[in-house]
Amino acid sequence: MNVPYTVDITPRTAGWAYTSLRILTLPPGRAHAFDARDSEWIVLPLSGSCTVETDGQTFELRGRDSVFTAVTDFAYVPRDAHATLTAPAGGRFALAGARCERVLPARYGPARGVPVELRGRGTCSRQVNNFAAAGVFACDRLIAVEVLTPGGNWSSYPPHKHDEHHPGEESELEEIYYFEIAGGEAGFGYQRVTPSHPAGTDVLAEVRTGDAVLIPDGWHGPSIAAPGHDMYYLNVMAGPGAEREWLIRDHPDHAWIRGTWPGQPVDPRLPLYPPDGEEGR
């Protein structure tokens, strides 16, 4: 039987060392089992709810109707563990992973514990759900957050990078952007990546629901939401650093934009939903 992944990115297929992402679609009543092997994983509901059994524990994930309606709870699956997902009503689930060395305990992450940050100002306003940010939820190497950008706004701006190790200034991290766009099949946005060194990553992509952009290096941003179409993306990151941290360097041609933000209001459409896990707009 074919594995029901609509996205299946591994270190081998990406040509890098650490970061993975699978998008799993489960019909009602179906279960899916996987072995964590050399990676740690987070099971994150995109739509629907599920039960996660792993490492002798059972976690009931309430989930959400969609990525545009609520913060969600999630489950952490340790390296070397076996996990089984069951979704009585069906659903779609992100499996965000990173190769790692330490075996941490299986855990439940409650929606009410997810810090929601409003980042940027004006047309650069966006919402960040820091569910597995460094310093928020303990992992060995995995870092993952959700970003919601109202239609017409730019996020991941100014462009920034994290492809070199500079202590206290920049961390080396591979990154995956996985997109969902409000508005059905008509919804779209754009993602830009510009080279940070000769022959580096150079991407200008139209993105729609289900698309993913891989960023092994380069200045990434902006992520542009078309007017009338809110944009969601899941960022999954991991790297070789001794410290699990997200340190970025802004593009020198565009860093000045941050200086224009003081005094500007945050987009009044934000947050798109309350930060406590309750269904919202």
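# Why is it called that?

Visitor: Which residues line the second largest pocket?

Guide: Here's the roll call: Thr10, Pro11, Ser20, Arg22, Phe34, Asp35, Ala36, Arg37, Asp38, Ser39, Trp41 and Arg99. Strands β2 (19–26), β3 (30–35) and β4 (39–54) each give two or more residues to that lining. A strand here is a DSSP run of E with at least two residues, numbered from the N terminus.

Keep in mind that this is a predicted model: local features need pLDDT of at least 70, side-chain atom pairs count only at pLDDT 80 or more, and totals for chains, interfaces and linings use all residues. Residues are numbered from 1 along each chain as its sequence is written, and side-chain values use heavy atoms, with hydrogens and water left out.

Visitor: What makes a space a pocket, and what makes a residue part of its lining?

Guide: Rolling a probe the size of a water molecule over the atoms shows where empty space is left. Here the search uses a 1 Å grid over the protein atoms alone and a 1.4 Å probe; a pocket is an open set of points with protein on both sides within 12 Å along at least five of seven lines, and a lining residue has an atom within 4 Å of a point. The second largest pocket comes out at about 200 Å³, and the largest one at about 320 Å³. Those volumes are the space filled by probe spheres set on the points, with points joined across faces, edges and corners.

Visitor: What classes of residue line the two pockets?

Guide: Ala, Val, Leu, Ile, Met, Phe, Trp, Tyr, Cys and Pro count as nonpolar, Asp, Glu, Lys and Arg as charged, and the others, Gly among them, as polar. By that sorting, the largest pocket's lining has 13 nonpolar, seven polar and five charged residues. For the second largest pocket, the lining has four nonpolar, three polar and five charged residues. Back in the largest pocket, there are 25 lining residues, and Arg119, Val128, Val145, Asn235 and Trp246 lie nearest its centre.

Visitor: Why is Arg37 called exposed?

Guide: Exposed means over 50% relative accessible area, buried means under 20%, and partly exposed is in between (1.4 Å probe, protein chains only). Arg37 has 60% relative accessibility, so it counts as exposed. Arg37 is found in the loop between β3 and β4, and it has a positive phi of about 55 degrees although it is not a glycine.

Visitor: How do you know whether Asp80 is buried or exposed?

Guide: Same yardstick: Asp80 is at 52%, so it counts as exposed. Asp80 is in the loop between β6 (74–77) and β7 (82–87), with a positive phi of about 70 degrees, again without being a glycine.

Visitor: What makes β8 "mostly covered"?

Guide: In β8 (residues 91–99), seven of the nine residues are buried.

Visitor: How do you know which strands β8 pairs with?

Guide: Two strands pair if DSSP finds at least two bridges between them. β2 and β8 have eight, running antiparallel, and β4 and β8 also have eight, antiparallel too. Both therefore pass the two-bridge mark. Ser20 stands opposite Gly97 in β8, and Val43 opposite Leu95.

Visitor: Why is the pair of Phe188 and Tyr190 called edge-to-face?

Guide: A ring pair is described by the distance of the centres and the angle of the planes. Rings of Phe, Tyr and Trp (its six-membered ring) pair if their centres lie within 6.5 Å; planes under 30 degrees apart are stacked, over 60 edge-to-face, and the rest tilted. By this rule there are nine aromatic pairs. Phe188 and Tyr190 are 5.8 Å apart, centre to centre, with 90 degrees between the planes, so edge-to-face it is. Phe188, at 24%, is partly exposed, and so is Tyr190, at 32%.

Visitor: What makes Arg107 sit "over" the ring of Tyr76?

Guide: The rule asks for NZ of Lys or CZ of Arg within 6 Å of the ring centre and within 35 degrees of the ring normal. The charged end of Arg107 is 4.5 Å from the centre of the Tyr76 ring. Tyr76 also belongs to a cluster linked by ring pairs, with Phe74, Phe131 and Phe137. Elsewhere, Lys161 lies over the face of Trp219, at 5.6 Å from the ring centre.

Definitions and conventions:
Helix = DSSP H or I, 4+ residues; strand = E, 2+ residues; numbered from the N terminus.
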